[in-house]
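Subject: Structure handover and notes

Dear colleague,

I am passing on the structure we discussed, followed by my notes on what was found in it. Please read the notes with the coordinates open beside you.

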Amino acid sequence: MVMDLAGIDFSAPSPEVARRLIGVTLLVDGVGGRIVETEAYDASEPASHCYAGLTERNFSMFGQPGRSYVYRSHGLHWCLNFVCREPDHGAGVLIRALEPLDDAAGLALMRERRGLDDVRLLCSGPGRLAQALGVTRAHNNLPLDAPPLVLLPRRREVEVLAGMRIGISKAVELPWRFVEAGSRFLSKPHRG
DNA sequence: GCAGGGATGAACT
DNA sequence: GTTCATCCCTGCA
């Protein structure tokens, strides 16, 4: 079965899905913004959580495409992924940064959750983004087309650049990080 | 039992 | 620009 959310086929390989997610709006309980940075992971490469096969932590990555995978990183941060490709294969896209929506109520809530005002630091990193949107373990393995999650198609074309992934020690050479060209809201500048 | 992690923020040069 | 402590849970020996 093919998940078609915000014009994206989540049964496609994860780099393809990661590229097409740039510019898409993500909301969690009405709070969020435009996705400006993603990274693809796949069971065929050792940086992925699903490389070693099905475990208790990563079970949602082996489920249906078009759902969420949330895990705890370094014991204190939560990170949000979108599951893609066929069941039993294991692949996903890490959502690394958002451009906060220009909405007063949502911005106030994100600032309160993050404990700071600077809009550029609200969602510029996977842990920061999860904190600003209130994502926790309770958001693991949820469908992306039902509350509290909402995906909205991009309203204009965006220029997407591919580069090397960040914060990993294996398979670092794969150009599976995707960013919106020129965005001020990236977790790190683009590196080709 | 233990090493290490898809990170962050503060404290540095 | 760079290192460093910190969180605690997962996975494998």
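In what follows, a residue is near a molecule or strand if one of its heavy atoms lies within 4 Å of it. This is a predicted model, in which local features need pLDDT of at least 70 and side-chain atom pairs count only at pLDDT 80 or more, while totals for chains, interfaces and linings use all residues. Residues are numbered from 1 along each chain as its sequence is written, chains are lettered from A and ligands numbered from 1 in the order in which they are written, and side-chain values use heavy atoms, with hydrogens and water left out.

DNA strand B has 21 residues around it, of which H49, Y71, N81, L94 and R128 come nearest, and 56% of the strand's atoms within 4 Å of the protein belong to sugar and phosphate. The surface near DNA strand B takes at least two residues from each of β5 (68–73), β6, β7 and α3, and α3 gives the largest share, three residues (helices are DSSP runs of H or I with at least four residues, strands runs of E with at least two, numbered from the N terminus). Among the polar contacts (pairs of N or O atoms within 3.5 Å), a backbone N or O atom of G127 is 2.9 Å from a phosphate oxygen of DNA strand B, whereas a backbone N or O atom of L94 lies 3.4 Å from a base nitrogen of that strand.

H74 has contacts to both strands: an N or O atom of its side chain is 3.3 Å from a base nitrogen of DNA strand B, and a polar backbone atom of H74 is 2.7 Å from a base oxygen of DNA strand C. Around DNA strand C, the residues include R57, R72, G75 and R137, and 71% of this strand's atoms within 4 Å of the protein belong to sugar or phosphate.

Turning to the interior, the largest nonpolar core has 40 residues, and F10, L21, L26, F82, I95, L133 and L151 have the most contacts inside it. Such a core is a set of buried Ala, Val, Leu, Ile, Met, Phe, Trp, Tyr and Cys residues joined through side-chain atoms within 4.5 Å, where buried means under 20% relative accessible area (1.4 Å probe, protein chains only). A second, separate core of 12 residues includes Y41, C50, F62 and V83.

Best wishes

How values were computed. Buried means under 20% relative accessible area, exposed over 50%, partly exposed in between (1.4 Å probe, protein chains only). A polar contact is a pair of N or O atoms within 3.5 Å; within protein, one must be able to donate a hydrogen and the other to accept it, and residues adjacent in sequence count only if both atoms are side-chain atoms.
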